[in-house]
Amino acid sequence: MNYVIIGNSIAAVGGIEGIRRADKQGAITVISAEPHHVYSRPLISYLLEGKTDLQRIKYRPDNFYETNGCAVKRGIRAVKIDKEAKKVTLENGESVGYDKLLIAGGARPFIPRISGLEKYGYHTFMTLDDALKIEKKIENTPNARVLILGAGLIGLKCAEAVHKKAKEITVADMADRILPSILDAESAGIIQRHLESYGIKFMLSAAVDLDKAQFDILCVCTGVIPETEIAKDAGLEVGRGIVIDARAMTSADDIYAAGDCTESYSVVTQKRGAVPILPNAYAQGETAGINMAGGDAEYDKAMPINAIGFFGKHILTAGVYEGTEYKRLSQGSVRKLFMENNALKGFIFIDDFKKAGIYSALIREKNDLSGLDADMLLSGDIGLKAYSKEERDKILRK
Amino acid sequence: MKKIYVQEEWCLRCRLCEYVCAFANSGYEDMSAALKDKPINPLINVEENGKISYAVSCRHCDEPSCVKSCISGAISKIDGVIRIDRDKCVGCFTCVLSCPYGAVMAGPGGAAMKCELCINNGVGSPMCVKYCPNRAIILK
């Protein structure tokens, strides 16, 4: 069996490890647009901040490809898929045949149309090379004033990362609050004040005028868009992302897709959509890999979960913020639960996040919580009593 | 590899397991220095549920969501034991958010921690098992 994987990030690793669970022999070829060993993308902010390094940022050990029998084509893009001839064409004209193909090409930064962007020049903050470029630029710019467009996860991690090296950091966003993808307005206010206490300035609810803004370095962190062109050109079904089913299969035979380039139906959210988070990329990649190698795996429980920290303050969130809100706020910490029909739909925990994973499981499994009172649920003393006795016995005996 | 199992009918809810665990993983050689008048960080937790109680620690799952969710690649299963490379961990706590049993926690120093069966802390075999006065925690 001849496996080809387009992409070399988390979904690709999931794919490789999934394939090897079922097939130790087949050839695996990884086509990697980036020249690097697989690294963790979310760790580029830690790299820029000096909290990790080029060795520890690696997502798998140095011998990962060797151990898993993978040939890696580095620094070269796949440009075309011919699904009839079952081959992938690379940008240098080389063609690579496959029996089973995994598309794990991820996403690319979304660049809004703002006048002056090209004139002033800008950085994006998604890849290892992006981080190294910003690092170099900031080291060569004394008293750097950094302007970041986008107050989402990427923009704010970028702000934290350059905090020690820049003289001034301003984050601008059209939205009226920060982190709209993971926080409600009240929690966003708490985090914004925390970031402001570290000297980060915000310009919210406003379109930025680059001709008037004062900055030396401009970072555009206004979200990402799935890489779908290669799939679209090959005639695969594509929405916002490449459409996959629970087995991570696309609309074409023998072609699978996983990670940030995809969209799929989730039984948890009961919606079709993209859940562009790292754990999802791994799970989809692994599912695809197992199925490519003749196994039988399904993953249809994608849901948003997010753990992120800024200057020592930790935010753990999951699910959707619908239904009745129960909350407990104290000295900067937040515990909020969102319940509907005796089931947990979502939560926001800031700094007080004990046993958060149990709450994630309750959302995912839609457990009936009518036997538990809200105070106990809010307290974090929940433990395994969140589960039925039968389920608990199974957990303790496994 | 052996695992830790609890027998809830024998648990006295004395929480001695929490203290010896926190001590074993504290890096201190002196128990008072490690535990007295300090917030402790046990990797096993006694949970009380009406008339019963039981200690909960990592189940070393066959399909470990902490390993699959870790954004740093810092968590891996080695010879049946799920371990955290605390040098690689950046302390985002996606693992805490992913463990359905609440068995991964934030440790002192900012990295995540969980039960590694006392393999990696210089002790060698699980302290909770050794010191449980009623043999409610066993290794088999």
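The exercises below, each with a worked solution, concern a predicted model.

**Exercise 1. Decide whether the radius of gyration of chain A agrees with that of a compact globule.**

Step 1. Chain A has 398 residues, and a compact globule with that number would have a radius of gyration near 21 Å.
Step 2. The value for chain A is 22 Å, so the two agree.
Step 3. Along the principal axes, the C-alpha atoms of chain A fill a box of roughly 65 × 60 × 35 Å.
Step 4. Inside this chain, 46% of the 398 residues count as buried. Its secondary structure comes to 12 helices and 22 strands.
Step 5. Take the contacts in chain A between residues at least 6 apart in sequence: 66% of them join residues at least 24 apart.

**Exercise 2. Find the domains of each chain and say what separates their centres.**

Step 1. For chain A, the assignment gives domain 1 (2-42 + 58-108 + 224-292), domain 2 (117-220) and domain 3 (312-397).
Step 2. Taken over C-alpha atoms, the centres of domain 1 and domain 3 of chain A are separated by 33 Å.
Step 3. Chain B is divided into domain 1 (1-57 + 117-140) and domain 2 (60-114), and 19 Å separate the centres of these domains.
Step 4. Where the two domains of chain B meet, 10 residues of domain 1 are in contact with 13 residues of domain 2. The side belonging to domain 1 has five nonpolar, four polar and one charged residues.

**Exercise 3. Describe the side of chain B that touches chain A.**

Step 1. Count the residues: 27 come from chain B and 34 from chain A.
Step 2. On the side of chain B, the elements that give two or more residues are β1 (4-6), β2 (45-49), β3 (52-56), α3 (65-69) and α4 (94-98).
Step 3. The most is given by α4(B), with four residues.
Step 4. Sorted by class, this side of chain B has 14 nonpolar, eight polar and five charged residues.

**Exercise 4. Describe how helices α1 and α9 of chain A pack.**

Step 1. Helix α1 covers residues 10-22 and helix α9 covers residues 278-292.
Step 2. Their axes lie 6 Å apart, at an angle of about 35 degrees, and the crossing is right-handed.
Step 3. Residues that make the contact include A:Ala11, A:Gly14, A:Gly15 and A:Gly18 of α1(A), and A:Ala281, A:Gly285, A:Ala288 and A:Gly289 of α9(A).
Step 4. By class, the contact has 14 nonpolar, seven polar and three charged residues.

**Exercise 5. Decide whether A:Asp260 is buried or exposed, and place it in the chain.**

Step 1. A:Asp260 lies in the loop between β15 (255-257) and β16 (262-266) of chain A.
Step 2. A residue is buried if 20 or more other C-beta atoms lie within 10 Å of its own. A:Asp260 has 27 such neighbours, so it counts as buried.
Step 3. Leaving out residues up to four places away in sequence, A:Asp260 touches A:Gly106, A:Ala107, A:Val224, A:Pro226, A:Pro276 and A:Ala281.
Step 4. A:Ala11 is 249 residues from A:Asp260 along the chain, yet 8.3 Å separate their C-alpha atoms.

**Exercise 6. Say where A:Ser205 and A:Asn341 lie, and give the phi of each.**

Step 1. A:Ser205 lies in the loop between β11 (200-203) and β12 (217-220). Its phi is positive, about 55 degrees, although A:Ser205 is not a glycine.
Step 2. A:Asn341 lies in the loop between β21 (333-340) and β22 (343-350). Phi here is near 50 degrees, again a positive value in a residue other than glycine.
Step 3. A residue is exposed if 12 or fewer other C-beta atoms lie within 10 Å. A:Ser205 has 11 and is therefore exposed; A:Asn341 has 11 and therefore counts as exposed.

How values were computed
Residues are numbered from 1 along each chain as its sequence is written. Chains are lettered from A and ligands numbered from 1 in the order in which they are written. This is a predicted model: local features need pLDDT of at least 70, side-chain atom pairs count only at pLDDT 80 or more; totals for chains, interfaces and linings use all residues. The radius of gyration is taken over C-alpha atoms; the globule rule is 2.2 Å times the number of residues to the power 0.38. Two residues are in contact if their C-beta atoms, placed from the backbone, lie within 7 Å. Ala, Val, Leu, Ile, Met, Phe, Trp, Tyr, Cys and Pro count as nonpolar, Asp, Glu, Lys and Arg as charged, and the others, Gly among them, as polar. Domain bounds come from an automatic or database domain assignment. Axes are lines fitted to C-alpha atoms, for helices over the stretch in contact, and angles run from 0 to 180 degrees between N-to-C directions. A crossing is left-handed if the near helix is turned anticlockwise from the far one by less than a right angle, and right-handed if clockwise.
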